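Here is a short tour for anyone who likes to follow a fold strand by strand. Have the viewer open and rotate along as you read.

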Amino acid sequence: MTTVKDIGEQGLLKKLQSFCPPEIIGDDAAVLVTAPGKSLVVTTDVLIDGVHFSDATTSPEDAGWRAAAANLSDLAAMGASPVGITVGLGLPGDLQVSWVERLYQGMTECLQKYHTPIVGGDVVRSPTATISITAFGEVDPQRVIRRSAAKVGMAIVVTGVHGASHAGLELLLHPQLGQNLSPAEKTPLIKAHQRPQPRLDVLPILWEIVTPPFPVAGMDSSDGLADAVLQICRASNVGAVIDSQKIPVPGTFTNWLKPEQAIEYALYGGEDFELVLCLPSTQANTLVQQLSLGAAIIGTITSGSQVLLRDQSQKNPDQVLSLSQGFQHFGQ
């Protein structure tokens, strides 16, 4: 098997350049022309072998897809449409070239859905495989979605279901956990982890419902649903009440998870790459009705600073949510 060391940096770059539009690459930087009246949005995400992906749970193609999807999701969370990405790779010298090509194939499969090219990048030697993607998007300045725009009384809308990606990861790591699930029930959960879908499809529908000035706050739920609501509230100097019974989770959860486990997966599992949006209740209801892949109103923005998880059945007391309960990169 040919390794990265065998063909060297230039040999590897030549292979990777075949994934990029030939008219863009070749200089020290890419020049991207955006439409008049648009703002350029830039986001960067880093994935590390053994932290964000591993051979045990993720093929090279799936790692590439996930890396691309994570960045496209950040653009969607800002209201931006993707223009292009650059890819920085840190690679061990004895890594097989085929692994890198398969990584790029997975990236390309995801990006092609959204007509997004790879427009450049960098390759360096590293003891651990590292993927750093910078994504560029454009947005009408009056349609930028910001975390700091939430107002008291707004409804909190989430797209899709939450907890599916974490459930898929757990099934990959511990197959015995899903003994009560059929293969048809396991597959969507595993796919949710390996091939998440950035919710760029939500934006055109949102534009039809809400007109500038844009009364929408939001972000994606890549670090967990609880984290997203807390980050929005902190940036907007508001609080929130979330109804635990309205949080959408996969229907298969009832077959193998206790209710409290299902809520834990949804709040803190992360990597669902759905959108969490705060907007006036009338528009929120319209958005939920029009989203074909599902959405739900899970709560309300309140005054103060606390984010409360409330059980409307009154079986459990209110729970105060905090950022310390979620995943921390340097927590251990």
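The text below takes the two sheets in turn and then a pocket. Please keep in mind that this is a predicted model.

**The four-stranded sheet**

Let's begin with the sheet whose strands come early in the chain numbering. Its 4 strands lie in the order 1-4-2-3, and the sheet is open with mixed pairing. Strand 1 (39-48) and strand 3 sit at the edges, each pairing on one side only. From one strand to the next, the twist averages 15°.

Strand 1 and strand 4 (residues 130-139) run antiparallel and are joined by 10 bridges. If you want a place to check this on screen, S39 stands opposite V139 in strand 4. Strand 2 (residues 81-91) and strand 3 (residues 118-125), by contrast, pair in the parallel sense, over 7 bridges. There, I85 has I118 of strand 3 as its bridge partner.

What kind of unit do strand 2, helix 3 and strand 3 make? Together with helix 3 (residues 97-112), the two strands make a β-α-β unit, and the unit is right-handed.

**The seven-stranded sheet**

The other sheet to look at is open as well: 7 strands, ordered 6-8-5-9-7-10-11, with mixed pairing. At its edges are strand 6 (217-220) and strand 11 (319-320), each of which pairs on one side only.

Several pairings can be traced here. Strand 5 (residues 155-159) is antiparallel to strand 9 (residues 295-302), with 5 bridges between them, and V157 has I297 as its bridge partner in strand 9. Strand 7 (residues 239-243) runs parallel to strand 10, and 4 bridges join the two; D243 is partnered by R310 of strand 10. On towards the edge, strand 10 and strand 11 pair in the antiparallel sense over 2 bridges, where L309 has Q319 of strand 11 as its bridge partner.

**Helices against the sheets**

For orientation, the table gathers the helices that pack on a sheet, with the strands they touch and an angle between directions.

| Helix | Strands touched | Angle between directions |
|---|---|---|
| Helix 1 (residues 4-17) | strand 2 and strand 3 | about 165° with strand 3 |
| Helix 3 | strand 2, strand 3 and strand 4 | about 170° with strand 2 |
| Helix 2 (residues 60-77) | strand 6 and strand 8 (275-279) | about 175° with strand 6 |

Helix 1 and helix 3 belong with the sheet ordered 1-4-2-3, while helix 2 packs on the sheet that holds strand 6 and strand 8.

**A pocket to explore**

The second largest pocket has a volume of about 530 Å³. Which residues are closest to its centre? Of the 24 residues in the lining, they are S244, P259, E260, I263 and N316.

Two elements give two or more residues to this lining, namely helix 8 (259-268) and strand 10 (307-310). Helix 8 gives the most, with 7 residues. Strand 10 thus links the two topics of this tour: it contributes to the pocket lining and also pairs with strand 7 and with strand 11.

How do the lining residues divide by character? The lining of the second largest pocket has 12 nonpolar residues, 7 polar and 5 charged. If you are setting up a view of the pocket, P259, E260 and I263 are among the residues closest to its centre, and their numbers fall within helix 8 (259-268).

Terms used: Residues are numbered from 1 along each chain as its sequence is written. This is a predicted model: local features need pLDDT of at least 70, side-chain atom pairs count only at pLDDT 80 or more; totals for chains, interfaces and linings use all residues. Side-chain values use heavy atoms; hydrogens and water are left out. Two strands pair if DSSP finds at least two bridges between them. A crossover is right-handed if, with the strands pointing away from the viewer, the path from the first strand over the helix to the second runs clockwise. Contact means heavy atoms within 4.5 Å. Axes are lines fitted to C-alpha atoms, for helices over the stretch in contact, and angles run from 0 to 180 degrees between N-to-C directions. On a 1 Å grid over the protein atoms alone, a cavity is a set of points where a 1.4 Å probe fits but cannot get out, and a pocket is an open set with protein on both sides within 12 Å along at least five of seven lines; lining residues have an atom within 4 Å of a point. Grid points are joined across faces, edges and corners, and a volume is the space filled by probe spheres set on the points. Ala, Val, Leu, Ile, Met, Phe, Trp, Tyr, Cys and Pro count as nonpolar, Asp, Glu, Lys and Arg as charged, and the others, Gly among them, as polar.
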